[in-house]
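Trainee: Hi, could you walk me through this structure? I'd like to start with how the chains hold on to each other.

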Amino acid sequence: MLGYLTKRLASAVPVIIGVTLLVFLMLHMVPGDPAEQMLGEMAVDKTAVANLRQQMGLNDPLAVQYGHFLGNILHGNLGTSMLAHRSVMDMIGKVLPSTFYLTLAGLGVAIVLGTLLGIAAAVRQNTWLDTSSMVLALLGVSMPSFWLGLLLVFTFSLRLGWFPATGSGGWERMVMPAFTLGFGAAAVIARLVRASMLEILRLDFIRVARAKGLSEHRVIYRHALKNALIPVLTMVGLEFGRLLGGTVVIETVFARPGIGRLIVDSILKKDFQVVQGAVLLSAVFYVAINLLVDMSYALIDPRIRYQ
Amino acid sequence: MAQPEPAPDSLWRQAVRRLQRNPGAMLGLVILAVLVLAALLAPAIAPFDPIKQNATDAMQGPSLKHWLGADQFGRDILSRLLFGARISLRIGLVSVGIAASIGILLGLLAGFYGGWLDMLISRFIDLLLAFPGILLALVIVTVIGPSLFNVMVAVGISAVPNYARLVRGTVLAARENVYVEAAEAIGARDRTILVKHILPNVLGPVIVLSTLGIAGAILSGAALSFLGLGAQPPTPEWGAVLSDGRNYLRQAWWISTFPGLAIMVTVLSVNLLGDGLRDALDPRMKL
């Protein structure tokens with residue numbers, strides 16, 4: 001067990017290093033000179049550009065620059081925004097909690113809704129409940145989240161006035177974004193839970209449980225569901241990443257502050273230092289979550305070994 | 001004397017027959033055929049110019065003149081959607097083409113040759129997978145700039161890991177077959193083994209993944225355009241048309257509603273067909 005955990009932990013190291021390299025190169029592949037972009041209209045002054053290039057270390061060999069970049073990251077320094085003239089770390093720190101809560105809430109919606117739909121469909125296989133659950137799941141994977149978000153805003157904010165359409169803070173501003181974010185993932189989880197439940201309900205230990213005279217409720221929730229949820233757990237790691245990426249769109253639709261919106265705004269404003277920092281942090285965060293999921297998977301199911 | 005048995009149907013023919021018996025897949029195929037036809041015939045059947053502005057019709061609701069209403073510039077939504085179908089379907093096909101060709105090549109090389117090549121490719125795939133969801137496509141768009149073609153490249157590259165991993169896994173499994181061992185034993189060249197014995201195994205799963213991938217690519221492409229990082233105005237890409245109507249939701253719900261519906265119906269039909277293909281080609285396939 002310990003061997004598996006260390007190996008899995010070690011396998012994340014090259015990925016993280018690769019991510020830093022890719023994100024570092026990204027800034028260098030963007031067309032245009034970073035110093036000129038930072039100076040904006042003042043870039044006509046060639047000496048000012050040359051001075052800033054020197055100051056930013058842009059004249060150093062790429063490898064040296066990458067070394068500095070890594071050193072800065074380890075010191076928690078992600079650079080300075082060219083436009084806001086603020087530390088990128090500060091800018092991210094300010095919006096990080098909002099994205100984190102939104103992702104968690106979306107994941108909550110996905111797990112609860114997905115599991116319920118999946119169980120309902122499996123237990124009532126080939127009935128209208130099964131069909132309608134699976135039609136709903138199919139709609140969930142086919143519906144663009146930005147469209148669902150706008151439909152919710154139109155119905156529940158503009159027409160019914162139940163929830164505020166934009167902004168963050170308070171549960172009433174979380175309901176619609178969380179549902180919009182989680183609905184697609186709920187669909188994926190519902191299909192998985194259904195397939196997994198159907199497989200397990202055919203196994204011998206379920207027949208034994210029924211033969212013992214256990215109530216159907218107990219058979220399903222105590223015996224079948226526990227086993228059916230194991231594949232769901234791995235899916236949760238993957239879906240968490242999708243949700244984290246999905247916040248990019250959801251935060252724009254609901255005008256919520258967050259890392260996703262920060263990235264999109266910064267790309268549009270060509271404030272690449274911020275894009276770099278925010279992308280790097282999101283990727284590291286995602287790798288860490290997947291690591292945790294894999295490890296908990298190994299703890300729950302001891303048959304899993306590193307291959 | 002016993003009659004010779006009729007030659008059994010080929011596996012492909014059986015798969016086609018299974019597909020034909022799947023009502024969901026057939027529904028998807030019919031919807032998709034209608035969409036493709038609408039896209040091809042757009043110049044002939046669209047009632048208006050999709051780009052020309054007409055101030056007098058601005059924000060008009062659905063009517064006999066504008067079946068799906070008009071946007072804030074008086075452009076006919078139906079005409080924009082018909083021309084937009086050409087763009088969205090092209091995003092789906094081109095992105096998947098890019099993703100599948102690079103992904104299959106990487107997967108074949110990694111799975112067949114193994115060793116350091118496999119390690120290198122697998123690490124590269126892990127690296128691409130470290131960027132959650134649409135983020136990798138965003139990074140690529142940041143570097144190459146926002147435009148319709150760049151969206152196809154970005155969405156395509158970000159889907160490469162799916163194909164590479166699938167193909168690598170399938171190749172590793174196919175290599176275990178006795179006929180591959182036999183081909184190696186009689187000294188067949190690598191290329192012959194790859195093309196004649198291994199590639200046919202890969203084809204089925206790749207067809208399924210590509211079909212489902214078209215659905216994902218259309219969604220990602222529309223999302224990037226919605227964010228302003230894809231098709232630029234006045235291109236009638238569906239995500240962009242939808243985004244146009246965002247600020248007019250209260251006064252003119254139709255501007256955003258119909259493009260969203262178009263995206264959903266298209267993605268739904270592709271998903272139905274993809275699910276059907278998976279069941280027809282290999283019911284055990286876990287995709």
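Mentor: Sure! Let's begin with one pair: Arg191(A) forms a salt bridge with Asp275(B), and their closest N and O atoms are 2.4 Å apart. A salt bridge here is a side-chain nitrogen of Lys or Arg within 4 Å of a carboxyl oxygen of Asp or Glu.

Trainee: Is this a model, and how do I read the labels?

Mentor: This is a predicted model, where local features need pLDDT of at least 70, side-chain atom pairs count only at pLDDT 80 or more, and totals for chains, interfaces and linings use all residues. Residues are numbered from 1 along each chain as its sequence is written, chains are lettered from A and ligands numbered from 1 in the order in which they are written, and side-chain values use heavy atoms, with hydrogens and water left out.

Trainee: How many salt bridges are there between chain A and chain B?

Mentor: The count is one salt bridge. There are also four residue pairs in polar contact between chain A and chain B, both residues at pLDDT 80 or more. A polar contact is a pair of N or O atoms within 3.5 Å; within protein, one must be able to donate a hydrogen and the other to accept it, and residues adjacent in sequence count only if both atoms are side-chain atoms.

Trainee: What part of chain A gives the largest share of the side that touches chain B?

Mentor: H10(A) does, with eight residues. Helices (H or I, at least four residues) are DSSP runs, numbered from the N terminus, as are strands (E, at least two). By class, that side of chain A has 34 nonpolar, six polar and two charged residues. Ala, Val, Leu, Ile, Met, Phe, Trp, Tyr, Cys and Pro count as nonpolar, Asp, Glu, Lys and Arg as charged, and the others, Gly among them, as polar.

Trainee: And how much area do chain A and chain B bury between them?

Mentor: About 3600 Å², with 82% of it on carbon and sulfur atoms. Buried area is the accessible area (1.4 Å probe) that two parts lose on being put together, summed over both. In chain A, Phe146(A), Trp147(A) and Leu150(A) lose the most area to chain B, together 18% of what that side buries.

Trainee: New topic: which domains does chain A have?

Mentor: The domain assignment gives domain 1 (2-74) and domain 2 (95-306); such bounds come from an automatic or database assignment. Their C-alpha centres lie 34 Å apart. The contact (heavy atoms within 4.5 Å) takes 19 residues from domain 1 of chain A and 17 residues from domain 2 of chain A.

Trainee: What about salt bridges across that interface?

Mentor: The rule finds zero salt bridges there, and one residue pair in polar contact, both at pLDDT 80 or more. On the side of domain 1 of chain A that touches domain 2 of chain A, the largest share, 15 residues, comes from H1(A).

Trainee: Any unusual backbone spots?

Mentor: Some! Most residues other than glycine have a negative phi, and most peptide bonds are trans. Asn126(A) is not a glycine, yet has a positive phi of about 65°. A cis peptide bond, with omega about 5°, joins Pro233(B) and Pro234(B).

Trainee: Is Asn126(A) buried or exposed?

Mentor: Asn126(A) is exposed, with a relative accessible area of 66%. Buried means under 20% relative accessible area, exposed over 50%, and partly exposed in between (1.4 Å probe, protein chains only).
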